[in-house]
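Trainee: Could you walk me through this structure? I would like to reason from the model itself.

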There are 2 protein chains.
Amino acid sequence: MANGFTSDGLPDEESLTAPLLHLRRSASNTTSQIAIIGSYPCPIESLDYEIIENDVFKQDWRSRSKFQIFQFISLKWILCFVIGIVVSLIGFFINLAIENIAGEKFVITSNMMIANRYLAAFLIFAAANLGLTLFACLITTLIAPETAGSGIPEVKAYLNGVDATAIFSFRTLLVKIVGSIAAVSSSLNVGKAGPMVHIGACIAALTCQGGSKRYGLTWRWLRFFNNDRDRRDLVTCGSAAGIAAAFRAPVGGVLFALEEMASWWRSALLWRAFFTAAIVAILLRGLTDICLSGKCGLFGTGGLIMFDVTSVDVTYHLTDVPPVLVLAVIGGIAGSLYNFLLGKVLRLYNLINEKGTAYKILLACMVSILTSCLLFGLPWLASCRPCPAGTSEPCPTIGRSGNYKKFQCQPGHYNDLASLFFNTNDDAIKNLFSKDTDTEFHRSSVLMFFITCFFLSIFSYGIVAPVGLFIPVIVTGASYGRLVGLLIGSTSNLNHGLFAVLGAASLLGASMRMTVSLCVILLELTNNLLLLPLVMLVLLVSKTVADAFNHNIYDQIMTLKGFPYLETHAEPYMRQLTVSDVVSGPLHVFNGIERVANIVHALRMTGHNGFPVVVDEPPILYGLILRSHLITLLKKKFFYITPTLADVDAVEKFSSSDFAKRGFRNAEKIEDIELTEEEMEMYIDLHPFTNASPYTVVETMSLAKALTLFRGIGLRHLLVVPKTSGRLPVVGILTRHDFMPQHILGLHPNLSRSKWKRLRFRFSLLN
Amino acid sequence: MANGFTSDGLPDEESLTAPLLHLRRSASNTTSQIAIIGSYPCPIESLDYEIIENDVFKQDWRSRSKFQIFQFISLKWILCFVIGIVVSLIGFFINLAIENIAGEKFVITSNMMIANRYLAAFLIFAAANLGLTLFACLITTLIAPETAGSGIPEVKAYLNGVDATAIFSFRTLLVKIVGSIAAVSSSLNVGKAGPMVHIGACIAALTCQGGSKRYGLTWRWLRFFNNDRDRRDLVTCGSAAGIAAAFRAPVGGVLFALEEMASWWRSALLWRAFFTAAIVAILLRGLTDICLSGKCGLFGTGGLIMFDVTSVDVTYHLTDVPPVLVLAVIGGIAGSLYNFLLGKVLRLYNLINEKGTAYKILLACMVSILTSCLLFGLPWLASCRPCPAGTSEPCPTIGRSGNYKKFQCQPGHYNDLASLFFNTNDDAIKNLFSKDTDTEFHRSSVLMFFITCFFLSIFSYGIVAPVGLFIPVIVTGASYGRLVGLLIGSTSNLNHGLFAVLGAASLLGASMRMTVSLCVILLELTNNLLLLPLVMLVLLVSKTVADAFNHNIYDQIMTLKGFPYLETHAEPYMRQLTVSDVVSGPLHVFNGIERVANIVHALRMTGHNGFPVVVDEPPILYGLILRSHLITLLKKKFFYITPTLADVDAVEKFSSSDFAKRGFRNAEKIEDIELTEEEMEMYIDLHPFTNASPYTVVETMSLAKALTLFRGIGLRHLLVVPKTSGRLPVVGILTRHDFMPQHILGLHPNLSRSKWKRLRFRFSLLN
């Protein structure tokens, strides 16, 4: 298939063998928007939550002892514990590194400015930024191109059943950690929360897969996790831990994993994710305690953002609601505009990045230089303001963090724009959120900061480095909120710091389109629950407004990357189609006892990953056999010279671990199996290895109803059986590909697309 | 069927017609634990998330205009808005009423005690309590017995697909509101949070069902909500709003609905529930503001519990973790003991309550008198303590609330036990959670309070009145935490108020077995996010410990009530059974064109709610037709004299609203339909009314796998088809009943039950 994955979503073998560097497009001509950003090979594997019921697995289940079950459960909880520990340690390390690297940079530059060596200060500042950006971009491009971007779309797609290769390799993990430290330290307007989610997911995937091989866990332990369900459970926990570590928001992390990431969710998983996040919270709390006593270099006061507006006594009345509503509506429009522009810029960058490594690096360098110029240049436009009397903070602040940056000003004065620009994003947010600073910033400064952040974050995200979107959106939103606060002035009782929080909420809600999780993350960040009703109101309004225009940013990026993400709700036209309208292609059917040559031929000629098995005369459907199981049988040469039913003893030599799912890079290929001419003429008894009770639907079922089953259970293959008798007992196999709107609309262009497109907004609300 | 609902979970007609007052037992002898508490008729109706695809519905879908779709979506959001408004108003009213009634009672009693008229004070106190309890018990027993208890199990079962009759009637709502006010005001150790959840669910159900008929919404609007899916969505939102209103914890409410209540959850539902809870939060905030200015009688300072420990600067270190762990472990054991004892007491009360109305009332009165004696009597055992110097609060407090109750003491002294006992539960919790009061309570007082609360709450829950469990568990847990704090003394840095919060968390976690939602509810109650890591730790440990002993309290009550609750995970033995092992009974199959007499006979003779339709020779499965649709056809007399295929024009006279689901009390019965002899000999063409693409499974599928489908999609009927050819194309119908462990183990007693039972704990962790 042209776009690197087969019709049923399992890895296209071509793309497993040779990295595809060309732009991949969907088979359908109607979908010009499908293109891959970045240039990494992207075989896709669908997940399978279906219980495979063949004789081998059934026998294995019966023989599984209580002790083994106990082992399994203990191990799963231990893995969650380990994931929590490792994610919090890495999250802490990333923060520590960023605070120290960026802090050192600002200290050196500030010291030079105090000595009036402005040009040298700029050069050092710009050179440091360029070097860090270059480093991040180089390691990403050369070592692990799949780490570019935040990683949230990849993890979200994985949890939906789309396995992009190498997104969870050890190399990816390392590059993501080092790269995000470098990128964030380089003063680019990028965040570390998205990469933390990817890192958390990576750690989880490695812990239950490759990592365990490395560190000598025996196969007995390992084989339990050789299935999609357990892996995805742990990856969900890992992504929860990632957000928990990035924002020190454990409950927010769990909800984020639930609301945004997971496609299948069970109550038990909630508990497991909560456990992992609790481990992160407890450990981070301890580590931060150590740092508060000053043992972490420049880390002490900044980092691990916690914008403490606790002690503000939030009082607001009905009269405060209208301005907040206006803020939310405009924020909603700005957020959807943000998504729109980001999509456009990503397409543009995609064209540039495809031209080669040099172009990627050049682009990153240009963005870095532009950023340095703006950060250093714009504060000169702001006038110096005299320090206010009686503040608890030192003014002007010299050094790393603080509200009142001296920059070029006289003693006793500060530059309000430098307080925002000439700082890490974390500190800028802290300044914007801080209370009792209503007079600190001038309108023009905040406006300039808002506009710069808005566009810088759009232009920074697309570079080939591990960069996130969360923090840039928060800082942009906070400046937007401050601006609203300044414009409204004293007619509102609300503190400007609170306006900043609400502004951040509105832009986040409009861009990411989450509700409960963003609400909790913001509350955990600001540690002030009294804000709750207002934050909820802003999130609701801004999300509703933005939903009228476009999709959430992660869905947009997934579409750009060409991931076949399976939505929960059916498109309206799917109720008009039956499954027989979309199921297609020549069907390869095996007999219960099949010639080896036929099997090899079918495996070589098609990319299908499941084949129906038919027995008897008149034929009845026996079940479905998977490609990977067939390859195992061929590899083990489980052949008979004549058509023979396999005897029980022979079958008992197989255990379910022989058929366990391999890691991403270990999938075996039919081309690797060598068979002699004689062997090709032999037979295999497929009965004991066939899933004898697959889920089936009748050919007259509507596509919408079949999707409910396919998506609800998390299937990889869905057999279609005929309604009438006297035909082959199976009509076709539905796979993920068959539910993709572009595939369906390609087959049925008469389904007036524009008509249904206009209904999309309504239907997204409907579900 | 003996237990009031048919095998497929739809209402047994017998139980619809005549209230069953006898104890119902499951058909299986192995399940002595299945019994109904209370004595209300309990027909059960399964939900149906399946898309019914028959010609009529398909035609209706095609004819649905964009305007109608827009109407539908708007109406659903408007209903959420209305639910939010109404729930918050009712929640506020309940609080206001309780605070004023209970407050007035305490003021009068306190004034008499100041005048040294102790006996009169006691008599008035006891009489007021008795009167209120009697009132609550009387209206519950005589008007709406289904309102007894918290209502959370009923709502949870409803959301799982079990419709107990009358739980959402207008009568139920009224009795629940008035009854819970009376019961809580009567100083019984009962709560109002559970009833609030039921009230929220009731309002939601009425809003989209009966209520809309009353208030003149046209059928055009109404028909959209005549399906299970929309009703259950709104009931979920209603229960979220209930918790949001009870605890002023909107995010906690949403999570509670997600974690504890809902059986099927979609991301879109999260948003809708969030919206509803936000409305509640915003409106409650406004209403409380009004009360703070003193316009609500005695309400001002108490009520709408918000235990403000904001300003405590929580600092803790690693050394504080061991005592907290010990607290959590003991709390876990105490919580599971609580569940165990409560189960025993409920069984006992069940036996008493069954004897008749007089016994119910007598029991309630005895509990009330016992409570009054304990509350008034026990404080005399505590010695008076001198008021501490320099407290911000008045000491002793005379009047309603406050930390230092005078009770019988000299001026300048206070009775610490009276501060706890002689108060509303809300105020007792507030006292226990308060900071800087480490010396206020004596160990023996707190110990006495803890023991009394523990047992009083167990003995109070079973009375026939609308009473909840949340607040009693919180107050018991808080006293337990305080006790631990007092026992540990100065070796810990933690404030005793914080110990109380952690104690409440441990008992809640061990009794209710929720994690994220309890965590968020506690944080929203105490408004202190810095507690988060410790609360998470305590919840995790106590839940884990308690899970080793028994199930959560709501599941226990559901089992006692005999609700056929369908669990998500399959029991281990279900992997050993195929669906053909459990599917049973003579199967009634209709032809595509069927004689009226046959249909009437089948409907009269069986309680089945779905019938396979078979056509052609050799027979093929055409689909499934529902009892309710057959009754509609019979009622409309859609008959032909000879076997005839219905013409399109005739079918077009039906619209989907003819087949829409009726309200609980409006289900039509076959007995109500009168047919002449001639009509009985006529024919109906079932084709256009048959769901032509039902979900099917093959008979060899394991029960576990079929359960995944049944539970995952939310089905009511699942057709079993044969594996081999040459037989009737349908083997049987799987219904909810067939997945109930007691049914399966009744059929297969050889499945060594004890073996699997011991594994239950492990498997609950496994999922």
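Mentor: We start with a hairpin: β5(A) and β6(A) form it, with four residues between them. In its turn, Asp616(A) has a positive phi of about 70°. Helices (H or I, at least four residues) and strands (E, at least two) are DSSP runs, numbered from the N terminus. This is a predicted model, where local features need pLDDT of at least 70, side-chain atom pairs count only at pLDDT 80 or more, and totals for chains, interfaces and linings use all residues. Residues are numbered from 1 along each chain as its sequence is written, chains are lettered from A and ligands numbered from 1 in the order in which they are written, and side-chain values use heavy atoms, with hydrogens and water left out.

Trainee: How many bridges pair β5(A) with β6(A)?

Mentor: Strands of a sheet pair through backbone hydrogen bonds, either parallel or antiparallel. Two strands pair here if DSSP finds at least two bridges between them. β5(A), residues 610-615, and β6(A) pair in the antiparallel sense, and the number of bridges is six.

Trainee: Which residue of β6(A) is the bridge partner of Val613(A)?

Mentor: Val613(A) has its bridge partner in β6(A). Strand β6(A) covers residues 620-626. The partner of Val613(A) is Gly623(A).

Trainee: Why is β6(A) said to be largely enclosed by the rest of the structure?

Mentor: Check burial first. Buried means under 20% relative accessible area, exposed over 50%, partly exposed in between (1.4 Å probe, protein chains only). Strand β6(A) is largely enclosed because its buried residues number seven of the seven.

Trainee: In chain B, what is the strand order of the open sheet of three strands?

Mentor: The edge strands are β3(B), 590-591, and β6(B), 620-626, since each pairs on one side only under the rule of at least two bridges. Six bridges join β5(B) to β6(B), and these two run antiparallel. The sheet has mixed pairing, and its order is β3-β5-β6.

Trainee: At what angle to β6(B) does helix α25(B) run?

Mentor: Helix α25(B), residues 627-636, lies across β3, β5 and β6 of chain B. Axes are lines fitted to C-alpha atoms, for helices over the stretch in contact, and angles run from 0 to 180 degrees between N-to-C directions. Contact means heavy atoms within 4.5 Å. The angle to β6(B) is about 75°.

Trainee: Now charges. How far apart in sequence are the parts tied together by Asp230(A) and Lys76(A)?

Mentor: Their side chains meet in a salt bridge at 2.8 Å, N to O. A salt bridge is a side-chain nitrogen of Lys or Arg within 4 Å of a carboxyl oxygen of Asp or Glu. Asp230(A) lies in helix α10(A) and Lys76(A) in helix α3(A), so the separation is 154 residues.

Trainee: Which residues are linked in a network with Lys76(A)?

Mentor: The links in this network are salt bridges. Lys76(A) is buried, and so is Asp230(A). The residues linked with Lys76(A) are Asp230(A) and Asp233(A).

Trainee: Are Asp426(A) and Lys192(A) buried or exposed?

Mentor: Their side chains meet in a salt bridge at 3.0 Å, N to O. Asp426(A) is in helix α16(A), while Lys192(A) is in the loop between α6 and α7 of chain A, 234 residues apart. Both are buried.

Trainee: What is the relative accessible area of Lys637(A)?

Mentor: Lys637(A) meets Glu679(A) in a salt bridge at 3.5 Å, N to O. Glu679(A) is buried, with a relative accessible area of 16%. Lys637(A) is partly exposed, and its value is 35%.

Trainee: How many residues of helix α22(A) are buried?

Mentor: This helix spans residues 553-561 and is mostly covered. Its buried residues include Ile553(A), Tyr554(A) and Met558(A). They pack against several helices, among them α5, α11 and α13 of chain A. The buried count is eight of nine.

Trainee: Last one. Which residues does His743(A) contact, leaving aside its neighbours within four places in sequence?

Mentor: His743(A) lies in helix α29(A), residues 741-747. At 14% relative accessibility, His743(A) counts as buried. Its contacts are Val582(A), His737(A) and Asp738(A).
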